[in-house]
2 protein chains.
Amino acid sequence: MADRPAPEHVAAWRALLTAHADLTERIDGALRHAGVIPLRWYDALLCLYEAPERRLRLAEMARAALLSRSGLSRLVDRLEAAGLLTREPCEDDARGAYAVLTPDGLQALRRCWKVYGPQIEALVGRRLTAGEARRLRKLLGRLLGPEARGSRSS
Amino acid sequence: MADRPAPEHVAAWRALLTAHADLTERIDGALRHAGVIPLRWYDALLCLYEAPERRLRLAEMARAALLSRSGLSRLVDRLEAAGLLTREPCEDDARGAYAVLTPDGLQALRRCWKVYGPQIEALVGRRLTAGEARRLRKLLGRLLGPEARGSRSS
DNA sequence: CGCAGATAGTTGCGCGTGCAATTATGATGG
DNA sequence: CCATCATAATTGCACGCGCAACTATCTGCG
């Protein structure tokens, strides 16, 4: 019942919180200082960039960008106002809409990467070897798992 | 100049963002659902709990709780309004103030842990062995480092 | 066909946050 | 002793977010 977690697990979780807060702040600060789009915008636009035809349904985009639907809706408002993407109606389903990356959006993405890339290199690349980074990615990936519900099933 | 990061490092960074967003959302949801204090409040109160005499200068607390000063100031307002801590003037320095944990605050901390602990166990403990958790913590810890300023030197 | 229920997206609302400016106090130098 | 600058904390402001409620459309069943 109590399910008390082991100290190692708590420490790992707290390290995750700290590392995230620290790195996010530094990177976002660097982006702001350089006058390029913020991290959230980058993430959202990158989702489009990686999608087939550089377009996504808004709900997909919300999932990919780790945002709530309403949050995404407003973000798309801002990105559209900035000319970095456009909304396009969906032909199959009149309720739905696509967000489509514009040339300006692609350019913003590239400009941002000129700052973002070096930041990742400075904050991650210089601190971890390639092998360590792979291990880190794997360990973090395990935390997402399919509900980890070995719980009972088996 | 370009400092392009290796794909492994980018993947690790993205995994960190994803894992943080996913776990934070789940845990905070569980806390809200259980009607206990949210994660931020817990973190802040825990800083006090771990401090000598269960009191901290507000600036220290801001650092420990990963918040800006203004953010912390408002958070302390809310926590004080909820009776979970009190502000006490600092004798050495009339500008400063301490935040001090109250008995109610301690109780809130314990109640929250009853939900938070099992969540960590479910989301981290069941997915990583103790050894893996230790490795994860170490890798994440390396990301904070002392500015990793080999920068140029070499 | 027509209505109930599900689904896509948007909007009202309140909250929490950071930045910049402000207030109050401490430290330093003429 | 007073002026100057640094520091601790708070406050004005605008922004971004999620939840819940809403509108519009699609789906299925009688």
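**Chain B, its helix α4, and DNA strand D**

The surface near DNA strand D divides into seven nonpolar, six polar and ten charged residues. Near means that the C-beta atom, placed from the backbone, lies within 6 Å of the strand. Ala, Val, Leu, Ile, Met, Phe, Trp, Tyr, Cys and Pro count as nonpolar, Asp, Glu, Lys and Arg as charged, and the others, Gly among them, as polar.

This is a predicted model: local features need pLDDT of at least 70, side-chain atom pairs count only at pLDDT 80 or more, and totals for chains, interfaces and linings use all residues. Residues are numbered from 1 along each chain as its sequence is written, while chains are lettered from A and ligands numbered from 1 in the order in which they are written.

Of the 23 residues around strand D, those that come nearest are A:S68, A:S70, A:G71, B:A59 and B:S70. α4 (69–81) of chain A, and α3 (58–64) and α4 (69–81) of chain B, each supply at least two residues of that surface. Helices are DSSP runs (H or I, at least four residues), and strands are runs of E, at least two, numbered from the N terminus.

Now α4(B). Its buried residues are B:L72, B:L75, B:V76 and B:L79. They fall within an arc of 105° seen down the axis, so they line one face of the helix; the arc is that of the directions from the helix axis to the C-beta atoms. The face turned away carries the exposed B:S70, B:R74, B:D77 and B:A81. Buried means 20 or more other C-beta atoms within 10 Å of the residue's own, exposed 12 or fewer. After α4(B) comes B:G83, with a positive phi near 80°.
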